[in-house]
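The report below describes a single protein chain, moving from its strand pairing to its pocket and then to three individual residues. Please read it alongside the sequence and the coordinates.

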Amino acid sequence: MRKRICLFFTLVCLCACACGCDAASMGTLSEFSRPYAGEYVCTRLSWGARELPDAEMLVLTLRQDGRFSLTRDGAEQAEGRYRVDAAGEHITFDAEAFGRRGSMTFPLQAGAVLVRFPLHGGLLLAMFERK
């Protein structure tokens, strides 16, 4: 059994060398495994001092391939790409809306995405927690 495991790892290393892969180009383990991928449900939604109803209808999905989607009642509202910094403290969303590309960065705290930004004279606050 031990010989099979050694042979398996040797073959994997040989394949990596043969295809021209190097460890530096692979990135970090966190980037590769994307432990933050999954579904996040909105648990709090407010604008200014006003709590908005039906927050749980918003679902943020972070896929393994680096893409995200935001859905409301199962209908897609936005999609794009995301990336998380090396420390795992911030998440950046890149998306296109109304013919314009945009990028926004938010904190990742204790497995939750905290969205805060000014919107039409008020502060929009949304907390997405892992399902």
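Two strands are said to pair if DSSP finds at least two bridges between them; helices (H or I, at least four residues) and strands (E, at least two) are DSSP runs, numbered from the N terminus. The model is predicted, and local features need pLDDT of at least 70, side-chain atom pairs count only at pLDDT 80 or more, while totals for chains, interfaces and linings use all residues. Residues are numbered from 1 along each chain as its sequence is written, and side-chain values use heavy atoms, with hydrogens and water left out.

**Overall arrangement**

The protein chain has 3 helices and 9 strands, which follow one another along the sequence as α-α-α-β-β-β-β-β-β-β-β-β. Of its 131 residues, 27% count as buried, where buried means under 20% relative accessible area, exposed over 50% and partly exposed in between, with a 1.4 Å probe and protein chains only. The accessible surface, obtained by the Shrake-Rupley method with a 1.4 Å probe, comes to about 9,300 Å², of which 60% belongs to carbon and sulfur atoms.

**Strand β3 and its partners**

Strand β3 covers residues 58–62, and 5 of its 5 residues are buried. Leu 58, Leu 60 and Leu 62 point one way from β3, whereas Val 59 and Thr 61 point the other way. On one pairing, strand β1 (residues 38–47) runs antiparallel to β3 over 4 bridges, with Gly 38 standing opposite Leu 62. On another, β3 is joined to strand β4 (residues 67–72) by 5 bridges, again in the antiparallel sense, and Leu 60 has Leu 70 of β4 as its bridge partner. β3 and β4 form a hairpin with 4 residues between them, and Gly 66 in that turn has a positive phi of about 90°.

**The largest pocket**

A pocket is found on a 1 Å grid over the protein atoms alone, as an open set of points where a 1.4 Å probe fits, with protein on both sides within 12 Å along at least five of seven lines; lining residues have an atom within 4 Å of a point. The largest pocket holds about 900 Å³ of space, the volume being that filled by probe spheres set on the points. Strands β3, β4, β5 (75–84), β6 (90–97), β7 (100–109), β8 (112–119) and β9 (122–130) each give two or more residues to its lining. Of the 27 lining residues, Phe 68, Leu 70, Ala 78, Met 104 and Phe 117 lie nearest the centre. By class, the lining has 18 nonpolar, 3 polar and 6 charged residues, with Ala, Val, Leu, Ile, Met, Phe, Trp, Tyr, Cys and Pro counted as nonpolar, Asp, Glu, Lys and Arg as charged, and the others, Gly among them, as polar.

**Three residues**

| Residue | Strand | Relative accessibility |
|---|---|---|
| Ile 91 | β6 | 0%, buried |
| Ser 46 | β1 | 4%, buried |
| Leu 123 | β9 | 42%, partly exposed |

Contact means heavy atoms within 4.5 Å. Leaving aside neighbours within four places in sequence, Ile 91 is in contact with several residues, among them Leu 62, Tyr 82, Met 104 and Val 113, and its C-alpha lies 6.3 Å from that of Pro 107, 16 residues away in sequence. With neighbours up to four places away likewise not counted, Ser 46 touches Glu 51, Leu 52, Leu 123, Leu 124 and Leu 125. Leu 123, under that exclusion, touches Ser 46, Trp 47, Gly 48, Arg 116, Phe 117 and Pro 118; the C-alpha atoms of Leu 123 and Gly 48 are separated by 5.0 Å, although these residues are 75 apart along the chain.
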